[in-house]
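Here is my note on the model you sent, set out as numbered points. It follows the charged pairs to begin with, then the packing of helices and strands, then the backbone.

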Amino acid sequence: MESAPGAGLRRLIASKEMVKEAWMSIMIADNCISCGACLPECPNDAISEGDPIYVIDPDLCTECIGFHDEPQCAAVCPIDECCIPDPNYVETKEQLLAKKDRIHPNG
Amino acid sequence: MAKKFVLVEPKSTHLHVYSSFTIPRLGVILLGTMLRDRGWDVRVYIEDVAPVDMKEVLSADIVGISTLTSTAPQSYRLAETVRKAGIPVVIGGTHVTFLPDEALDFADYVVRGEGEETLFELIDAMEGRGEMEKILGLSYWKGSRKLHNPDRPLKEDLDSNPIPDYGLVEGWNTQKRGLISIATSRGCPFTCTFCSVPGMYGHGFRMHSIERVIEEIRVNNPKYVFFADDLFTANRKRTKDLLKRMIEEGLTPEWGAQIRTETAFDPELLELMKASNCFNVFIGFESINPQTLDLFNKRQTYEKIVRSVEAFNKAGIRIHGMFVVGADTDDKDTIYETARLAQEWQLQSIQLMILTPLPGSPDFDHFYATGNRELLYKDWSLYDGHHAVYRPKNMTAYELNEAAIGAMEDFYSWKNISRSAMRRDYYSTLIQFGAKHLLKNWRRENQGFLEELRSTVFEKAEEGIESSSRNPRTNRVGVPRFILDSELGSGLVAFFARLGSSVVPFSEPVADGDDPTALSRIRGKVDCIVMPVMERARQGEEEFFQKIESLKQWLAQHKQSAPTAVSLFLDKQDGSLYSSLAQLGAFFTQDLDRVHRAYKETIAGIRTSPSTAEEIKPVMVQMTS
């Protein structure tokens, strides 16, 4: 058993650096179990506890751009296909960066 | 001289799937470590590891006992012995957390929920440095009254607990055993209806820091780690960070953990699991039946099970498949099909646990604590997932128990074991062989229990045949006319016809007793009669209920001369109706599969019949649900 990450892992990490084309706000689907794991992870405080499930404010969601490689809500969510891109909010990377600068004017 | 604290984790009195693999639960080890750090002379006995030395127990200043539901009777016996010797007994664990009143009958103190804070506040209070009334999570005696203080909030800062010291466990040698368990988190965000984990540890997912987990692996240096988390991958980001650190530090013993199917769908996580030396995963598939998955609130589909199996097989990570069988939506076929699929999927090992209403689970609260459903057994030692303790809806408790064991026997067959050997997967071969052996012993040990369950189905029929030995068999069953006129009537006639028996109607005796002849006339012409039972009359059913009552009275007065009466439970929420039908069916066939087929076909017939589908009366709900 090798102790370093395998080749597959390196490939996978490399693939994550590929250029992403479509950016969208993240939405929480109705299979949310309201565990609240996502709440403290969002760098923009875009997530709030709704009834019955948690909700993401699309005006505040930047897909974690500028903070993390991937949306943190999806990364910590115990359910797959719960924190998913919202096709109603397609944005460009530039728009998301501008949004991030607006939310965090001091960087 | 230091005062002595003895901690005991009693073992189950019955054999169970983990009998041959002792992975100790951490509670007593952690508490023992904390006590030792505070200057106590500590002994820790985990009965699955080494026998309890009663001399040590009875020379302690305080004894602490940790209990699960299935070990509760054993724990209570020990508590009584210790209490009789005048030594204070503290009891803790899941079972007593939810039933502290019961536990106080045997112990002086009950520590409810997580014990590490409560226990030490209790010790302080016992030594005069605090008040019992103020200790959250404690139940205790005040004079002759049982008092329950408010619950204690869940512990947030898990890292403040010391690393559990396995060296305290009598008879344990990590290097010899090669394995330990490490808890990296507590709690589960899901709410499966059969599970008591969220009730005990909450939905919030509380985690140890990664540094702490790394340190715990380093200190113990085992060959294999079982991560004792209820759901190791609840927070995938954090699991990835942990596995990356293990790899970076070169601390990659073989490991296993309890996970869900979703884990397989995150390629990065799967790669990291492989790279960090994941040996096997314990997946709570729970059921191959989509309806059952929904009923359990598992939030998982059959398709996801299949996909996850493929992914783990491809990654070369062995799977221990965990299933819960016997839900109201299951029948025997579901159970045997589970074992067949598990073989097809080449799972390394499986456990088919019989659905068990554990105190603290939503099922227990909704069905059994309310009295909506009846428990067949209240001996907690039977609550180990290998004994049917309630009536399922589509089979008898006997068939459920037989199928759960029988299907595991199918899985651990010589054919499957030799297949593992052919693949040169010697570890799996060994595990499977061990399980086969265990099942054989289980059968021997539980023959009496299975016999008892069987007799609940066949007893009436066997009695009936004996008492009417002078009368020839008629292959006929007497059914009250008012039942035949009800919605249930056509179903019953069809059911008995499928068993090769015919229905003889009889008129119910009139309350004033002037014409009971109709019923008395059928004596000798039928093998048994159907005695409908309803617990209470609902609106619109008063007349129906009255007829049942007068029939009941008549039968009570004519016990000697009446044909054998079999109760047909009409309005119970559990599987009583099915059990009744099986008892009736047993008069005409020994083959319970035939009874089941007849039942299934009858229900299918009712469902497709347009006249009854729309306006089902309450009495029929049982037969069609």
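1. A salt bridge here is a side-chain nitrogen of Lys or Arg within 4 Å of a carboxyl oxygen of Asp or Glu. By that cut-off the side chains of B:E399 and B:K332 form one, with nitrogen and oxygen 3.4 Å apart. The partners come from distant parts of the chain: B:E399 belongs to helix α16 (residues 397-411) of chain B and B:K332 to helix α14 (residues 332-344) of chain B, 67 residues apart. B:E399 and B:K332 are both buried. Please keep in mind throughout that the model is predicted.

2. How many salt bridges does a search of the whole structure find? The count over all chains is 51. Some of these share partners: B:E211, B:E215, B:R218, B:R245 and B:E249 are joined in this way into one network.

3. Another salt bridge pairs the side chains of B:R25 and B:E9, at 2.5 Å from N to O. B:R25 sits in the loop between β1 (4-9) and α1 (27-37) of chain B, while B:E9 is part of strand β1 of chain B, so the bridge ties together parts that are 16 residues apart in sequence. The two ends do not share one environment: B:R25 is partly exposed, with a relative accessible area of 35%, whereas B:E9 is buried, at 3%.

4. B:R236 and B:D266 also meet through their side chains in a salt bridge, at 2.9 Å from N to O. This pair too links distant parts of the chain, 30 residues apart, with B:R236 in helix α10 (residues 236-249) of chain B and B:D266 in the loop between β12 (254-259) and α11 (267-275) of chain B. Are these two residues buried or exposed? B:R236 and B:D266 are both buried.

5. Helix α11(B), which follows that loop, has a contact with helix α13 (residues 302-315) of chain B, and the two axes come within 11 Å and cross at roughly 40°. The crossing of α11(B) and α13(B) is right-handed. On the α11(B) side the contact is made by B:L270, B:M273 and B:K274, and on the α13(B) side by B:A311, B:F312 and B:A315. Five of the contact residues are nonpolar, one is charged and none is polar.

6. Chain B has an open sheet of seven strands with mixed pairing, in the order β2-β1-β3-β4-β5-β6-β7. Which strands stand at its edges? They are β2 (41-46) and β7 (145-148) of chain B; each has a single partner strand, so one side of each is left without a neighbour in the sheet. Neighbouring strands of this sheet are turned by 20° against each other on average, direction ignored.

7. At the β7(B) edge, the partner is strand β6 (residues 138-142) of chain B: four bridges join the two strands, which run antiparallel. Within this pairing, B:S139 stands opposite B:H148 in β7(B).

8. Strand β8 (residues 179-182) of chain B is covered on both faces. B:L179 and B:S181 lie on one side and B:I180 and B:I182 on the other, and all are buried. Four bridges join β8(B) to strand β11 (residues 224-227) of chain B, and these strands run parallel. B:S181 stands opposite B:F226 in β11(B).

9. Some backbone geometry deserves a look, because most residues other than glycine have a negative phi, and most peptide bonds are trans. In chain A, the peptide bond joining A:D51 and A:P52 is cis, with omega about 5°. A:P52 lies in the loop between β2 (47-48) and β3 (55-56) of chain A.

10. Where is A:S34 found? A:S34 is in the loop between β1 (23-28) and β2 of chain A. Phi of A:S34 is near 55°, a positive value in a residue other than glycine. A:S34 is partly exposed, with a relative accessible area of 30%.

11. B:E286 likewise has a positive phi, near 70°. B:E286 is found in a strand, β13 (residues 278-286) of chain B. At 9% relative accessibility, B:E286 counts as buried, the cut-off for that being under 20%.

Key: Residues are numbered from 1 along each chain as its sequence is written. Chains are lettered from A and ligands numbered from 1 in the order in which they are written. This is a predicted model: local features need pLDDT of at least 70, side-chain atom pairs count only at pLDDT 80 or more; totals for chains, interfaces and linings use all residues. Side-chain values use heavy atoms; hydrogens and water are left out. Buried means under 20% relative accessible area, exposed over 50%, partly exposed in between (1.4 Å probe, protein chains only). Axes are lines fitted to C-alpha atoms, for helices over the stretch in contact, and angles run from 0 to 180 degrees between N-to-C directions. A crossing is left-handed if the near helix is turned anticlockwise from the far one by less than a right angle, and right-handed if clockwise. Contact means heavy atoms within 4.5 Å. Ala, Val, Leu, Ile, Met, Phe, Trp, Tyr, Cys and Pro count as nonpolar, Asp, Glu, Lys and Arg as charged, and the others, Gly among them, as polar. Two strands pair if DSSP finds at least two bridges between them.
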